[in-house]
Amino acid sequence: MKYILAVETSCDETSAAVLQESKVLSSIISSQEIHSKFGGVVPELASREHVRLITPIVKKALQEADLKPEQLDGLAVTYGPGLAGALLAGVNFIKGMAVSLDIPFIGVNHIEGHIYGNLLSQPEVKFPIIFLIVSGGHTQIVLMEDDLQYKILGKTRDDAVGEAFDKGAKLLGLGYPGGPEIDRLAQSGNPQAVKFPRAYLKKSGSDYDFSYSGLKTSLLTYLNKLDKEDIQKNMPDICASYQAAAVEVLVHKTLAAAREFKAGQTAIAGGVAANSLLRNWLQDECRKADISLYLPEFKYCTDNAAMIGRAGYEYLKRGIYSDQSLNVYPSLKLVSAEK
Ligand code: KG4
Ligand code: ZN
């Protein structure tokens, strides 16, 4: 299984990548601008954009890798979780390619893709790892004891942390996606300026679930007491305080899980893994606790097909394939591969 082409279309990024085993030869990502004026992703528009863009993006990925389709040995595609119509665009495309080239393909879980997106950048991976998966749709702590083996320790009971960033940014009148904007504005703010709540749910630290809906509501309540001018003037402080409340719980629970499960390694994945406070804070705490931290490269934090190809490679090299009956699963859960 030498050359793999991967496609990712689960949300609003149309992406294709070519890998030579676990090494990325090309990675093309087209972020759909069309959604920004709506302040969030419009599913029907996303599907149409994927259908329009997928062929030229795959062609470009093959071109940059200097490969012809006939040289490919396997294919990988995200089949969930995500938007149904968006996922279908990628899955149908890959199914067609698999038939025409007569090569195997594998459906990859998007969350698993994010995990392997982190591992793409690690020269040497050791297990067990406590993985914090933080994106626009997911907030989970996972114990990974080996390749393709996962135990979900906790997840959000309501909003994902990326959603808290995006919804918070919307309340503040900032653009979409809001995470990078809040991160940028928070650089010059005081994280202690506003006391936003931290939802620990259970103080003992043995409960790894999260809740982010209260944080967003407390921001709304706080903003309702200020006029527009005050909000603008205090924007960096509000962003820094909001970000600190969101990140503190993530750092605390990741470290608590690493201690409880005696994991010498922690890792973060997903779009929010690009957050500078989360990266720095975890780095400090892991250093103090003598635990390794695997940080993903920025380009592999948000949605991309290279991460799907890297995860797909783990299946394909073991001879685990999907077949033409593969469906899409908008709420697909992360499960371990059979040993
Ligand atoms: O993984 P991703 O591209 O898509 C999903 O699978 O959801 O993650 C997108 C999320 C958005 O919520 C975005 O606001 C957030 O990642 N994000 C960030 C940062 N960069 C992206 N959140 C906080 N700080 C950042 N620097
Ligand atoms: Zn994602």
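1. The second largest pocket of this predicted model has a lining of 20 residues, and those nearest its centre are Tyr79, Ile106, Gly107, Tyr315 and Val335. The space within the second largest pocket amounts to about 330 Å³.

2. Among the elements that line the second largest pocket, strand 5, which spans residues 105-109, gives the most, with three residues. Sorted by class, the lining of the second largest pocket comprises 11 nonpolar, six polar and three charged residues.

3. The largest pocket has a volume of about 1200 Å³. Its lining is made up of 41 residues, and Asp12, Gly136, Asp166, Tyr176 and Pro177 are the ones that lie nearest the centre of the largest pocket. Two or more residues of this lining come from each of helix 3 (110-119), helix 4 (161-171) and helix 5 (178-186).

4. Helix 4 merits a separate remark. With six residues, helix 4 provides the largest share of the lining of the largest pocket.

5. The class composition of the largest pocket should also be recorded. Its lining holds 18 polar, 14 nonpolar and nine charged residues.

6. Where does the largest pocket lie with respect to domain 1 and domain 2? Residues of both domain 1 (3-115 + 300-316) and domain 2 (126-295) contribute to the lining, and the largest pocket therefore lies between the two domains.

Note on methods. Residues numbered from 1 in each chain as written. Chains lettered and ligands numbered in written order. Predicted model: local features only at pLDDT ≥ 70, side-chain atom pairs only at ≥ 80, totals over all residues. Heavy atoms only, no water. 1 Å grid on protein atoms, 1.4 Å probe; cavity = no way out; pocket = protein on both sides within 12 Å on 5 of 7 lines; lining within 4 Å. Points joined across faces, edges and corners; volume = space filled by probe spheres on them. Helix = DSSP H or I, 4+ residues; strand = E, 2+ residues; numbered from the N terminus. Nonpolar A, V, L, I, M, F, W, Y, C, P; charged D, E, K, R; others polar. Domains from an automatic or database assignment.
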